[in-house]
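Welcome! Let us look together at how the parts of one protein model meet, and at what surrounds its ligand.

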Amino acid sequence: MFGNKNNITVFDFGSKSTKVLYATVKDKSIHVEDYEIIGTPQGAIKDGKLNDVNSVVNMLSTHLKRMKGNENRLLLASSEVVLRTFEMPKMGTKELKEAVKYEMSVLLPESLDHFVVDASIIDEYDRISEDGKEVKMNQLQGVAVNKKIVNDYLDFFNKHGGKISVVDVQSNAEIKLFTGNNPNISPKNDAGEDCGDIAIIDFGHQKTGITILEDKKLFLHRTLHKGGFDITNIISETLDLPFDEAEKWKHTNDFEFLKKNSMNEVESILYDEISNVFHDITMEISQIIEFFISMSKQKKLDRIYLVGGGSLIPGFTDYIHRYVNIPVELVLDLDNVTFKNLRNPSHVALLADSIGAVIRRV
Ligand SMILES: Nc1ncnc2c1ncn2[C@@H]1O[C@H](COP(=O)(O)OP(=O)(O)OP(=O)(O)O)[C@@H](O)[C@H]1O
Ligand SMILES: [Mg+2]
């Protein structure tokens, strides 16, 4: 009753870092009152799923106490989230629900009964049918998530903190950052014109999420099972450092040796191995982009945006740019978003998805 619905909390669980964001929304601006990027205990979160309840309770102890009175949102990022855009004739709500279930079920590995399915209308238009009649059409964005993944989180919060009132998914949160009538990033092509054919790449620790938009609408979402972990692993093995120290080394090194003409033996092993990981990830991204370009109406991708902690490795942005020859931008700045206390500009890249989850779809 005394809760202020404008106080929104977002929980974004990663395998390496969990992001908790406190924001208020006024008109169309977001103010980040507070945030924390917490080291996730090893193994507590796997592929976006709750894996070890006790260590997550410890990790979130102060935040679980702050849930009361806020509108709490969960942001899911898992390779098991299924997203799809499709079109169908305009119909009543009840029929639409059934039709959406059918359209989504064709993509699911198991019976529909195991999934939570939702969809939103993202466009409406008229189409002339074969017999010359005008048919009202809807374009929809559907999402399906395994019930267990969602329920594990909802049960966890009910038991230890408070109620989650909105469950969002990573690509949807990203789409909201880039689209709508007050976007936080307004994509421009090299000529400075507004554009809508973009890729958003979330380079995380164990996984990399790729979301491609055609004309600002979801074209596809894919997850690669590679990320910052693979780089830390190389550093740890090559320099014979424990994993935690290799992480620190990665965060503080300028990676300038990757550009040097003459390297010592260790540097050249690091160079080869790190280049291999960059290459593997970039090649997969490039294949997905080529597929998009071949299928899309405009036959082009205007820009690639990078978010997620893994994208902070110096040189990664340039590497992708050189490989795919499409402008690449690391997201360190957002329009209409202010921070009470932004400790480091790089935190924007880690928090971007959570900020997208604050936005309501218009
Ligand atoms: N300043 C930095 N320089 C280099 N790497 C960084 C930096 N900050 C974070 N990282 C790396 O980013 C990764 C964590 O990013 P993020 O929080 O986006 O992943 P996650 O959400 O925990 O992972 P996943 O989504 O795969 O479960 C780690 O590999 C971490 O080492
Ligand atoms: Mg993540």
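Nine residues of domain 1 are in contact with ten residues of domain 2, where contact means heavy atoms within 4.5 Å. This is a predicted model, in which local features need pLDDT of at least 70 and side-chain atom pairs count only at pLDDT 80 or more, while totals for chains, interfaces and linings use all residues. Residues are numbered from 1 along each chain as its sequence is written, chains are lettered from A and ligands numbered from 1 in the order in which they are written, and side-chain values use heavy atoms, leaving out hydrogens and water.

**The domains**

The chain is divided into domain 1 (7-80 + 147-185 + 332-358), domain 2 (82-145) and domain 3 (186-330); these bounds come from an automatic or database domain assignment. Between the centres of domain 1 and domain 2, taken over C-alpha atoms, the separation is 28 Å.

**Where domain 1 meets domain 2**

The size of an interface is often given as the accessible area lost when the parts come together. Here, domain 1 and domain 2 bury about 700 Å² between them, with 62% of it on carbon and sulfur atoms. Buried area is the accessible area (1.4 Å probe) that two parts lose on being put together, summed over both. E80, K147 and V169 supply 61% of the area that domain 1 buries against domain 2, more than any other three residues.

What about salt bridges across this interface? The rule finds zero between domain 1 and domain 2, a salt bridge being a side-chain nitrogen of Lys or Arg within 4 Å of a carboxyl oxygen of Asp or Glu.

**Salt bridges in the structure**

The structure holds 21 salt bridges. In one of them, the side chains of R127 and E87 meet at 2.9 Å, N to O. Because R127 lies in strand β8 (residues 115-128) and E87 in strand β7 (residues 82-89), the pair ties together parts that are 40 residues apart in sequence. Strands here are DSSP runs (E, at least two residues), numbered from the N terminus.

**Around ligand 1**

Ligand 1 is surrounded by 20 residues, and the closest are S15, K16, S17, H205 and E247; a residue counts if one of its heavy atoms lies within 4 Å of the ligand. The table lists some distances from an oxygen atom of ligand 1.

| Residue | Partner atom in the residue | Distance from an oxygen atom of ligand 1 |
|---|---|---|
| K19 | side-chain N or O atom | 2.7 Å |
| H205 | side-chain N or O atom | 2.6 Å |
| G309 | polar backbone atom | 2.9 Å |

How values were computed:
Polar contact = N/O pair within 3.5 Å; in protein donor to acceptor, adjacent residues only side chain to side chain. Helix = DSSP H or I, 4+ residues; strand = E, 2+ residues; numbered from the N terminus.
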